[in-house]
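Visitor: Please take a close look at the main pocket of this protein and at the parts of the chain that surround it. I would like one connected account rather than a list.

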Amino acid sequence: MGIDSILENRKNNQRNKMLSVIRSSEDISRNDVKKITGYSMTTVLSTVDEMIHDGLIYEESCNDARVGRRPVWLRINPEGGYFIGVGFNRSSIYCVTLDFTGKLIYDRGQDIEKGHKSAHKVISLIKEMIHEAVEFLGDKSEKVVGIGLGVPGYSDVNAGLAISYSHIRGWSNIPIQKMIEEEFHTPCYMDNNVNVMIFAYKWLVYHGECEDMLFVSIRTGARVIPIVNNQPVSGAHGFSGELGHVKIKGGSRLCACGRYGCLNSEISDVAIVNKIIDGIRVGRFREICELVNGDMEQVTMAMFADSVKMGHEDSINLLKQIGGFLGDTLSMLVNIFAPRKIVLFGELAEMGDLLLKDVRKRVSRDSIKENSQGLEIVASEFGKNLGAMGAAALVMQKAFEFGEERI
């Protein structure tokens with residue numbers, strides 16, 4: 001790396017650090033930025049002037065009544081740039097746009113119909129939805145910083161390659177990052193559709209300083225993303241966090257991986273629906289059977305949740321079994337990572353305390369006191385567009401690295 005590149009990187013790091021400080025502070029002046037960052041006043045003044053000129057930040061006069069010279073606050077300009085994110089799985093695609101402050105300004109979701117679950121049709125739908133997001137911005141589309149993708153299944157993030165996903169036909173070794181960049185002439189960043197979700201928490205909830213936590217997504221399968229010392233823990237090749245393939249005590253069903261006893265085969269959405277269908281065939285879950293008129297393809301997680309809320313015995317017993325499996329697995333993770341919070345995401349998690357009260361009891365009982373004391377186990381406050389929100393926040397992370405310090 002030449003001297004010019006080193007200086008440019010240093011300049012960008014200084015800018016990004018200041019942006020991070022400004023966007024995480026309610027009222028902050030140039031002098032405050034100097035104190036927090038430790039940069040010289042000359043560096044702060046020149047960098048702030050450049051960011052104002054580039055439209056990334058703006059000044060706002062302090063209107064408080066006070067003695068002496070009133071400070072001038074620095075604010076992030078919402079129109080300083082835009083981040084587009086797309087997150088999808090086997091059943092739906094969501095596309096969002098965040099402004100430069102991280103505020104959601106555009107949101108669209110669409111189901112993937114059964115006849116459209118092919119790689120070609122899914123990619124066409126992704127492009128269509130991104131085009132609509134760009135059109136929404138109009139003249140401001142020139143300020144799109146980048147496009148983020150939350151891709152299901154296994155991927156090579158460094159190569160921009162979607163390797164495999166069994167729920168979409170023909171989804172094999174697709175250079176999806178390059179395809180999107182060529183279509184929109186805009187930088188594209190990608191990661192697993194669960195991995196990206198943690199960036200929504202890190203930047204949109206915690207403003208860059210995330211507490212130690214575990215993010216657990218339970219949908220087609222179960223994945224966990226730990227954050228330790230403000231850093232998401234993931235492997236280089238995108239295969240880490242496969243919580244669903246942990247073998248569990250009492251698990252006996254066949255998993256999609258070809259082995260028996262995986263957590264996925266007991267608590268994933270697919271597994272739960274299959275358990276209900278198997279139960280209907282032997283005379284159980286009668287209320288759900290009547291609701292779908294015996295058509296097994298109509299059984300959904302939403303029906304299961306409604307059945308639990310109405311107090312149907314078979315559904316309540318199934319939920320207790322699920323809570324036991326999940327509680328046992330989370331207890332193991334708590335003893336390993338000692339998080340301060342566990343966030344669960346997915347339709348199962350949306351059942352809230354109906355599920356979580358038993359999970360919390362199991363974790364408290366089976367993990368050491370020092371790790372479980374004060375631990376929060378909660379359902380995600382985000383909706384089904386979380387993957388897209390996280391993908392947009394991934395652009396924020398990659399393009400600006402808002403204050404990320406390399407160790």
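Guide: What follows starts at the pocket and works outward through the elements that line it.

The model is predicted. The largest pocket holds about 1,100 Å³ of space. Its lining is made up of 41 residues, and those nearest its centre are Asn 89, Arg 90, Ser 91, Asp 269 and Glu 347. Sorted by class, the lining of this pocket has 17 nonpolar, 13 polar and eleven charged residues.

Several elements contribute to this lining. At least two residues each come from β3 (82–88), β4 (92–98), α8 (269–281), α10 (301–309), β14 (341–345) and α14 (386–400). The largest share belongs to α8, which supplies four residues.

Helix α8 also takes part in the second largest pocket. That pocket has a volume of about 710 Å³. It is lined by 29 residues, with His 167, Thr 220, Gly 221, His 245 and Asn 264 closest to its centre. Both α7 (264–267) and α8 give at least two residues to the lining of the second largest pocket, and α8 gives the most, with three. The classes in the lining of the second largest pocket are ten nonpolar, 15 polar and four charged residues.

Back at the largest pocket, two of its lining elements, β3 and α14, can be followed through aromatic contacts. The model has eight aromatic pairs in total. One of them joins Phe 83 and Phe 100: the rings are stacked, 5.8 Å centre to centre, with 15° between the planes. Phe 83 is in strand β3 and Phe 100 is in the loop between β4 and β5 (104–111), so this pair ties together parts 17 residues apart in sequence. Phe 83 counts as buried because its relative accessibility is 0%, and buried means under 20%. Phe 100 is buried too, with a relative accessible area of 1%.

Phe 100 has a further aromatic partner in Phe 400. In this second pair the rings are edge-to-face, 5.3 Å centre to centre and 75° between the planes. The link is between distant parts of the chain, since Phe 100 is in the loop between β4 and β5 while Phe 400 is in helix α14, 300 residues away. At 7% relative accessibility, Phe 400 is again buried.

The surroundings of Phe 400 fit the picture for its helix. Of the 15 residues of α14, 13 are buried, so the helix is largely enclosed by the rest of the structure. The end C-alpha atoms of α14 are 21 Å apart, which agrees with the 21 Å that its 15 residues should span at 1.5 Å a residue. After α14 comes Glu 401, which has a positive phi near 45°.

A separate aromatic group should be mentioned. Tyr 201, Phe 215, Phe 345 and Phe 382 make up one aromatic cluster.

Helix α3 (residues 41–53) offers another case of a helix with buried residues. It has 13 residues and reaches 18 Å from its first C-alpha to its last, close to the 18 Å expected at 1.5 Å a residue. Thr 43, Val 44, Thr 47, Val 48 and Met 51 are buried in α3. Viewed down the axis of α3, the buried residues fall within an arc of 120°, so they line one face of the helix. On the face turned away from this buried side are the exposed residues Thr 42 and His 53. The helix is followed by Gly 55, whose phi is positive, near 80°.

Positive phi values also occur elsewhere in residues other than glycine. One is Asn 173, with phi near 50°. This residue lies in strand β9 (residues 172–174) and, at 47% relative accessibility, counts as partly exposed. Another is His 185, with phi near 55°. His 185 sits in the loop between α5 (176–184) and β10 (188–192), and its relative accessibility of 71% makes it exposed.

A last exposed residue is Arg 365, in helix α12 (residues 353–366). Its relative accessible area is 59%. Arg 365 and Val 292 are 73 residues apart in sequence and 39 Å apart in space, C-alpha to C-alpha.

Methods: Residues numbered from 1 in each chain as written. Predicted model: local features only at pLDDT ≥ 70, side-chain atom pairs only at ≥ 80, totals over all residues. Heavy atoms only, no water. 1 Å grid on protein atoms, 1.4 Å probe; cavity = no way out; pocket = protein on both sides within 12 Å on 5 of 7 lines; lining within 4 Å. Points joined across faces, edges and corners; volume = space filled by probe spheres on them. Nonpolar A, V, L, I, M, F, W, Y, C, P; charged D, E, K, R; others polar. Expected span 1.5 Å × (residues − 1). Buried < 20%, exposed > 50% of the residue type's maximum accessible area, 1.4 Å probe, protein only. Arc of directions from axis to C-beta. Phe/Tyr/Trp six-rings, centres within 6.5 Å; stacked < 30°, edge-to-face > 60°.
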